Protein chains: 2
Amino acid sequence: MTETTREIRLASRPEGAPVPENFELAEAPIPEPGEGEVLVRNSYLSVDPYMRGRMRDVKSYIPPFEVGEVLQGGAVGQVVASRNEAVAEGAWVQSLQGWREHYVSNGEGLLSVDPSVAPVSTALGVLGMPGLTAYAGLTEFGRPQEGETVFVSAAAGAVGSVVGQLARIRGARAVGSAGSREKVDFLTEELGFDAAFDYKTEDLPEALREHCPQGIDVYFDNVGGDHLDAALGRMNGFGRIPLCGMISLYNLEGPPPGPRNMAAMLVNRVTMRGFIVTDHYDLYPRFAEEVAGYVNSEQMKYRETVVDGIERMPAAFIGLLAGENIGKMLVRTGPDAP
Amino acid sequence: MTETTREIRLASRPEGAPVPENFELAEAPIPEPGEGEVLVRNSYLSVDPYMRGRMRDVKSYIPPFEVGEVLQGGAVGQVVASRNEAVAEGAWVQSLQGWREHYVSNGEGLLSVDPSVAPVSTALGVLGMPGLTAYAGLTEFGRPQEGETVFVSAAAGAVGSVVGQLARIRGARAVGSAGSREKVDFLTEELGFDAAFDYKTEDLPEALREHCPQGIDVYFDNVGGDHLDAALGRMNGFGRIPLCGMISLYNLEGPPPGPRNMAAMLVNRVTMRGFIVTDHYDLYPRFAEEVAGYVNSEQMKYRETVVDGIERMPAAFIGLLAGENIGKMLVRTGPDAP
């Protein structure tokens with residue numbers, strides 16, 4: 001009897017907010033690794049906002065997902081069978097073969113994960129792509145100086161929580177916005193943000209006046225829309241705005257109203273820069289060493305929102321876009337490293 | 001009998017587009033220079049878009065004009081009487097004492113103008129603040145590379161016409177937009193732009209597709225609004241947008257709709273930077289030497305729209321905001337250098 005594995009396919013393209021019917025849970029036999037190949041069982045699947053963009057049929061920096069095909073995304077798993085001398089059975093690896101429980105690989109594109117450094121799940125969060133995103137955007141473009149104010153939106157998310165803590169480590173004041181009282185408390189009480197507020201219950205411009213009394217020197221934008229507009233109105237001279245994501249817009253059909261405050265760019269000589277983490281993998285070694293150090297010394301904290309079972313991946317993704325996570329959103333599909 | 005001189009005062013703050021009633025032409029006796037002072041007769045008054053901003057009662061990078069007071073702006077004139085050993089009678093000087101025919105100065109803030117280098121009026125245009133604005137924005141932030149496409153709006157204006165010609169000198173392709181057939185012909189036939197179009201009769205996104213077939217690498221923004229939106233949709237990866245002005249918005253009351261295309265900033269990793277020429281006076285010596293060379297060798301051409309008589313200054317300013325000028329808009333109030 002062949003064992004089966006499960007995977008999630010794109011059943012249809014979402015219009016507006018994704019719904020469960022856009023996804024299909026499918027069963028398939030566990031594939032057999034051929035000569036030179038390995039079989040990997042995923043333990044953690046990454047749930048990321050950028051995946052929403054790939055569900056649209058438009059040209060972007062990565063090609064769109066195809067309807068009927070298995071979705072893709074970051075994943076960490078263990079090699080359970082190897083016919084490739086370079087990859088040992090039992091090894092932990094990171095890949096872009098998420099949204100499925102098992103996969104076969106010839107080893108290309110697999111990154112080794114060392115379970116002795118930190119829990120393997122962190123390779124998808126604080127020590128992985130979201131952490132590097134925060135690091136690249138803040139240190140390369142934001143460049144906060146001691147005493148400056150760094151404001152970050154979606155601050156309780158996988159990227160935002162690293163941004164705020166890194167800003168503090170660099171000697172800046174960290175202010176975050178998030179979408180619930182629980183997240184706000186997490187930011188100030190657990191992560192040590194200097195200030196935080198709930199953008200769903202507070203007026204954005206007013207909250208920024210209150211919590212950024214010296215203005216904003218760096219606005220790390222994860223959400224776009226109203227946040228960007230309000231932050232523009234509070235920028236200090238020569239301020240920097242790394243544009244990392246626009247999660248507030250991802251479920252919209254058609255372009256949204258833009259920031260009305262563009263004149264502030266001029267008056268305050270603001271620099272705004274869109275960036276994508278894949279252009280900055282050269283920073284990875286420096287990032288990994290520095291941030292792993294902060295994590296191990298507990299100078300930097302992280303949280304994960306873990307959902308069990310691949311069948312709950314669509315719900316986890318829908319929930320991520322609705323802001324249901326604190327820290328990195330993950331789906332667990334297999335055992336942890338011992 | 002004391003001779004009189006004339007000056008323009010701000011009679012009331014414009015609401016929307018300025019009207020003649022916002023200005024008052026006043027007569028006053030020509031002032032007498034005291035010990036250590038000089039009397040200057042202005043020959044050219046500068047007419048600049050940024051002056052509209054100073055007519056609003058809002059905090060900005062320069063303080064607002066006051067109602068009832070003489071307006072200020074760039075001017076070039078000749079010393080007609082001197083009781084200051086450092087400034088000879090007959091010398092040509094540039095000042096911020098525009099909107100008047102005569103003024104007295106202790107010499108502070110006066111810049112010497114050498115009539116042997118170029119016509120003195122150019123100190124307010126191609127070899128002055130507008131030229132330096134183009135130079136700073138293009139060479140410091142735009143940084144066009146050989147073969148890249150530089151798009152500039154308000155291309156037939158004092159700044160835009162230098163931007164496009166400098167871009168070509170740097171080996172880039174220059175494309176400009178302007179508001180009349182006459183201006184478009186001026187750009188392509190006189191200034192050597194590779195392409196130009198009339199934004200009043202053509203659809204902006206369509207015109208950009210046609211005239212920038214390889215996309216836009218540098219968009220030098222003088223106008224904001226629809227132009228910025230359309231250019232964002234056509235930017236190449238790692239494109240640069242120096243934000244120099246937003247003339248399309250200056251007469252609006254309240255913030256206008258913003259660019260809807262902000263997601264393009266992210267997808268194409270675009271950098272947008274607001275700048276103000278007064279932060280870049282350190283570039284002046286390099287600029288003056290380089291651009292005076294281009295002007296004298298006729299590698300760079302310029303045009304001036306000259307209106308005679310200080311009584312026509314309000315009309316010239318209103319006309320500038322309505323796009324009636326080609327090249328630098330000036331008001332002549334005295335004789336030229338011989």
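**Entry 1. Domains of chain A**

I began with the domain division of chain A: domain 1 covers 4-125 + 302-332, and domain 2 covers 129-279. I note at the outset that the model is predicted. I then looked up the spacing of the two domains of chain A and found 28 Å between their centres, taken over C-alpha atoms. For the contact itself, I recorded 16 residues of domain 1 of chain A against 16 residues of domain 2 of chain A. On the domain 1 side of this contact I listed six nonpolar, seven polar and three charged residues.

**Entry 2. A helix pair in chain A**

I next examined helix H2 (residues 129-142) and helix H8 (residues 284-296) of chain A, whose axes come within 10 Å and cross at roughly 105 degrees. Angles of 65 to 115 degrees count as roughly perpendicular, and H2(A) and H8(A) are therefore entered as roughly perpendicular to each other. I looked up which residues make the contact: A:Gly131, A:Leu132 and A:Tyr135 come from H2(A), and they meet A:Tyr284, A:Phe287 and A:Val291 of H8(A). I classed the residues of this contact as five nonpolar, one polar and no charged.

**Entry 3. Relation of the two chains**

How is chain B laid on chain A? I found that a turn of 180 degrees with a shift of 0.0 Å along the axis does this, with an RMSD of 0.0 Å. That is the relation of a two-fold axis. I also asked which residue of chain B comes closest to the rotation axis. The residue is B:Gly258, whose C-alpha is at 2.0 Å.

**Entry 4. The interface**

I counted the contact between the chains as 28 residues of chain B with 28 residues of chain A. On the chain B side, I found that the elements giving two or more residues are helix H7 (263-267) and strand S13 (271-274). I divided the residues of that side into 17 nonpolar, seven polar and four charged. I then checked whether the chains use the same or different surfaces. Of the interface residues of chain B, 100% are also interface residues in chain A, so the copies meet through the same surface.

**Entry 5. The sheet across both chains**

I traced S13 (residues 271-274) of chain A to S13(B) and found the two strands antiparallel, joined by three bridges. Here A:Met272 is opposite B:Met272.

I followed the strands outward and recorded an open sheet of 12 strands with mixed pairing, in the order S10(A)-S9(A)-S8(A)-S11(A)-S12(A)-S13(A)-S13(B)-S12(B)-S11(B)-S8(B)-S9(B)-S10(B). I identified the edge strands as S10 (195-198) of chain A and S10 (195-198) of chain B, each of which pairs on one side only. I noted an average twist of 15 degrees from one strand to the next.

Within chain B, I found that strand S12 (residues 235-243) pairs with S13(B) in the parallel sense over four bridges. I entered B:Met272 of S13(B) as the bridge partner of B:Ile241.

**Entry 6. Helices on the sheet in chain B**

I looked up what packs on the sheet in chain B. Helix H3 (residues 158-169) does so, touching strands S8 (149-152), S9 (173-178) and S11 (216-220) of chain B. I recorded about 165 degrees between the direction of H3 of chain B and that of S9(B). Helix H4 (residues 181-190) of chain B also packs on the sheet, where I found it touching S9 and S10 of chain B. The direction of H4 of chain B makes about 175 degrees with that of S10(B).

Terms used. Residues numbered from 1 in each chain as written. Chains lettered and ligands numbered in written order. Predicted model: local features only at pLDDT ≥ 70, side-chain atom pairs only at ≥ 80, totals over all residues. Contact = placed C-beta atoms within 7 Å. Nonpolar A, V, L, I, M, F, W, Y, C, P; charged D, E, K, R; others polar. Pairing = 2+ DSSP bridges. Axes fitted to C-alpha atoms, helices over the stretch in contact; angles between N-to-C directions. Parallel < 35°, antiparallel > 145°, perpendicular 65-115°, else oblique. Least-squares fit on C-alpha atoms with pLDDT ≥ 70 in both. Domains from an automatic or database assignment.
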